[in-house]
Structures are given as C-alpha cells and as structure tokens.
Amino acid sequence: MPEIPTIALPGGEPMPVLGLGTWGMGDDDRRAGQEADALRHGLDLGIRLIDTAEMYANGRAEQITGEAMKGRRDDVFLVSKVLPGNASREGTIAACERSLKHLGTDRIDLYLLHWRGPHPLAETLAGFEALMQAGKIRHWGVSNFDMDDCRELEKLAPGKVATNQVLYNLMRRGIEYDLLPWSRERGVPVMAYSPIEQGRLLKYPALGKVAERYGATPAQIALSWLLRQPGIVAIPKAARTAHVEENLAALDIRLDSEDLAILDRAFPPPASARPLEML
C-alpha cells in the first residue's frame, strides 16, 4: 500500500492528507462492530487521521472511534468537532470533556467548531485556548467557514487557525474561486469532507471514462483529483474494510492533463464567487 503524504499545519506539524471519516457511523448498533473494524483496518494500513464529531450519531461515532483506537492512541491524529450550540467558552470546554470521554482518550489533536452558530466567535476561541492550555486539545480549527467568516477569524486570532474543513469535491468546486487560494496563501490546510458527494458523484460518465484508463473505480478518481492538489486533506468515510483499501489505493493514481480536461468539462471550475455549500 502507498505511503500517505503529509501536509504541514501552520505551526509546522505534519498532518496526513488522507484520513478516515466517520460521518454516518454509529447510526445503527448492528453495524458498529463492522465500522470499528474498518477504522482499525485503516490504521493497520497506515492511515493515521480519523475525523469525527460530537454530532455524529449523538456521540456514538466518537465511541466507535475510541474502540478502534484502543491500545494505539499514539498512532492516531484525532479530529473532532464541537456543535455551534455548545460553543460558548464554557460550553466548548464541557463539550470537549464529553468527547474525550466518548473517545477514551486524554487529548484531541485537532478540535474544530463545526459551523457558525449563536455564540460569538471570540467565546469559542477562548474555550479553545483554555483547552489547549489544559493539554486537552493540541490544535484548533473551524469547519464550514466561508470567506467572511475566515476574515473575521483572522482578525480575532491571526495565524492560529490550523484548518478549515469544508464541502469540496468535483461537484462542489466553489471554494476554488476565493476560499482555497486565500487559505493556501496563509498556509492553512483545507480538509475536504464528502469527497465523493456521499456516492452521488459515482454516476457521472466522465468519472467512469477516466477510471477505465487506470483500471480504477470512479471513487478512486474523485479522490485522486482531490489528493493531487496542494493544501488539501480528504476524509472519505469507509465503513467497510474493502472501501478503506480502495480509498488508500487512490494515492497511486497520477491524473494527467487529458484526465483533468475531461473532468473540467464535466465539472467546470467556478467563474465567479459562490456561497459556501454545506451538507
């Protein structure tokens, strides 16, 4: 299996460019064992980043992540998120404590505000700073922040945000117009969630055409398209071991200019600014 490249966080620490997403895990306890096995298999294959959130199945996805990490916490770059409604200063701290309990660990490597909500951003950042000082989180970042949100964040905490996790795939290219260049200029990695649009991308003939050239699957081409770009981390969900292996093998695909032209015709890049999309 290929070795997973890393990208530098603003402070210089490496973060893997391919991770294991858990959105949708934990919704059915009958699948929990299979889901934990998939995460463990990913770790066995060298995938070190796991992304989860307190929102996912009301903490059950965090519990499944904790099961998968047992005995190997130091191998994992762990990401979780606080819900906006909980993101006051004290609420952020309390939410992190709950997540740590679910995860069975004493620290989260990267803790994100899931999206903007009712609490002033300065309060959330104060909670993040208190958690960092206590050693309960190592880095903090945001999710679903558009350009206005990012400009506000930069004024409040210049140079401190570790990442912005947003919806980004071939169908959702709006961030390429402004948010992605802005982030790259500042050395802030963008984490792409739903990189295959929860499977909806796979029906497009252009992906199938490119996949045939490589003996690959459409999902692998969609992932390869993301992973070839500087400053991007992809976190596809894989609830079965076969999907984990399929995702990892996407790192071996090297798309050429003809492939990219085919994909650009089918999924045109943005010609103007667009509102940030979310799922």
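Here are some notes on this predicted model, point by point.

1. Start with the sheet. Eight strands make it up, and it is open, with parallel pairing. Going across, the order is S3-S4-S5-S6-S7-S8-S9-S10. Strand S3 (19-21) and strand S10 (232-234) sit at the edges, each pairing on one side only. If you look along the sheet, you'll see that neighbouring strands are turned against each other by 25° on average, ignoring direction. As background, strands of a sheet pair through backbone hydrogen bonds, either parallel or antiparallel.

2. Now zoom in on one edge. Strand S9 (residues 190-193) pairs with S10 in the parallel sense, over three bridges. Which residue in S10 is the bridge partner of Val190? That would be Ile232.

3. Next, see what lies on the sheet. Helix H4 (residues 121-133) packs on it, touching strand S5 (77-82), strand S6 (108-113) and strand S7 (137-143). The direction of H4 makes about 160° with that of S7.

4. Helix H3 (residues 89-103) is worth a look too. Its 15 residues reach 21 Å from the first C-alpha to the last, close to the 21 Å expected at 1.5 Å a residue. Several H3 residues are buried, among them Thr92, Ile93, Cys96, Ser99, Leu100 and Leu103. In general, an α-helix has 3.6 residues a turn, so residues three or four places apart point the same way. What covers the buried residues of H3? The cover includes the helices H2 and H4, along with the strands S5, S6 and S7. Just after H3 comes Gly104, with a positive phi of about 65°.

5. Don't skip the loop between strand S4 (49-51) and helix H2 (60-69), where you'll find Met55. Is Met55 buried or partly exposed? Met55 counts as partly exposed because its relative accessibility is 29%. Setting aside neighbours within four places in sequence, Met55 is in contact with Leu83, His114 and Trp115. Trp23 is 32 residues from Met55 in sequence, yet their C-alpha atoms are 8.9 Å apart in space.

6. Last, a helix pair. The axes of helix H7 (residues 205-214) and helix H10 (residues 257-266) come within 9 Å and cross at roughly 165°. An angle over 145 degrees counts as roughly antiparallel, so that is how H7 runs relative to H10. Their crossing is left-handed. On the H7 side, the residues in contact include Leu207, Val210 and Tyr214, while those on the H10 side include Ile262, Leu263 and Ala266.

Notes:
Residues are numbered from 1 along each chain as its sequence is written. This is a predicted model: local features need pLDDT of at least 70, side-chain atom pairs count only at pLDDT 80 or more; totals for chains, interfaces and linings use all residues. Side-chain values use heavy atoms; hydrogens and water are left out. Two strands pair if DSSP finds at least two bridges between them. Helices (H or I, at least four residues) and strands (E, at least two) are DSSP runs, numbered from the N terminus. Axes are lines fitted to C-alpha atoms, for helices over the stretch in contact, and angles run from 0 to 180 degrees between N-to-C directions. Contact means heavy atoms within 4.5 Å. Buried means under 20% relative accessible area, exposed over 50%, partly exposed in between (1.4 Å probe, protein chains only). The expected span of a helix is 1.5 Å times one less than its number of residues. Angles under 35 degrees count as roughly parallel, over 145 as roughly antiparallel, 65 to 115 as roughly perpendicular and the rest as oblique. A crossing is left-handed if the near helix is turned anticlockwise from the far one by less than a right angle, and right-handed if clockwise.
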